[in-house]
Amino acid sequence: MNHFDTYEEWHEAVTQRCGIVLTKDYCQERLRALGDLQDPATKAFHAFYGEAYLNQVVSWFRRAVG
């Protein structure tokens, strides 16, 4: 199972490798989607990575917002 262990790894992958700008609006939209277990992408993420990692990614988006 591929996942990131630290905020720094995750942040580098998202911003540098994927070229995503972590604006407040973007992070808030991702937080909304990740908080909705009926969202198909979130449902798939949860099934594959589990609740603990989903919660970790949510905390990283919250940290990115500042």
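Helices, as the word is used here, are DSSP runs of at least four residues, numbered from the N terminus. With that in hand, one can follow this predicted model from helix 1, just after which Gly19 takes a positive phi of about 70°.

The protein as a whole contains 4 helices and 0 strands, and reading along the sequence gives the pattern α-α-α-α. Its radius of gyration is 11 Å, close to the 11 Å that the globule rule gives for 66 residues, so the protein is as compact as a globular protein of that length. The C-alpha trace spans about 25 × 25 × 20 Å along its principal axes. Of the contacts between residues at least 6 apart in sequence, 55% join residues that are at least 24 apart.

The surface and the interior can be described in similar terms. Buried residues make up 27% of the 66 residues, while the accessible surface comes to about 4500 Å², with 52% of it belonging to carbon and sulfur atoms. As for charge, the protein carries 7 positive and 9 negative side chains, and the centres of these two sets lie 4 Å apart.

Helix 1 covers residues 7–17, and the residues buried in it are Tyr7, Trp10, Ala13, Val14 and Thr15. A general point about helices helps in reading such a list: an α-helix has 3.6 residues a turn, so residues three or four places apart point the same way. The buried residues of helix 1 pack against helix 4, which runs over residues 51–65.

Thr15 deserves a closer look within helix 1. Its relative accessibility is 18%, and because buried means under 20%, Thr15 counts as buried. A polar atom of the Thr15 side chain lies 2.7 Å from the backbone oxygen of His11, and, leaving aside neighbours within four places in sequence, Thr15 is in contact with Ile20 and Leu22.

Further along the chain comes helix 3, made of residues 40–49, and at its start a side-chain oxygen of Asp39 reaches to within 3.0 Å of the backbone nitrogen of Ala41. Thr42 also belongs to this helix, and with a relative accessibility of 1% it counts as buried. A polar atom of the Thr42 side chain lies 2.6 Å from the backbone oxygen of Ala33. When residues up to four places away in sequence are not counted, Thr42 touches Ala33, Leu34, Asp36 and Leu37, so that Ala33 appears both in this list of contacts and as the owner of the backbone oxygen just described, a reading that rests on contact being defined as heavy atoms within 4.5 Å.

Tyr49 is likewise placed in helix 3, but its relative accessible area of 26% makes Tyr49 partly exposed, whereas Thr42 is buried. Although Tyr49 and Asn2 are 47 residues apart along the chain, their C-alpha atoms are separated by 8.7 Å. Helix 3 is followed by Gly50, whose phi is positive, near 95°, and a positive phi was also described for Gly19, just after helix 1. Beyond Gly50 the reader comes to helix 4, residues 51–65, against which the buried residues of helix 1 pack.

Note on methods: Residues numbered from 1 in each chain as written. Predicted model: local features only at pLDDT ≥ 70, side-chain atom pairs only at ≥ 80, totals over all residues. Heavy atoms only, no water. Polar contact = N/O pair within 3.5 Å; in protein donor to acceptor, adjacent residues only side chain to side chain. Helix = DSSP H or I, 4+ residues; strand = E, 2+ residues; numbered from the N terminus. Rg over C-alpha atoms; globule rule 2.2 N^0.38 Å. Buried < 20%, exposed > 50% of the residue type's maximum accessible area, 1.4 Å probe, protein only. Areas by Shrake-Rupley, 256 points an atom, 1.4 Å probe, with all protein chains shown as cover. Lys, Arg positive; Asp, Glu negative; His and termini not counted. Charge placed at Lys NZ, Arg CZ, Asp CG, Glu CD.
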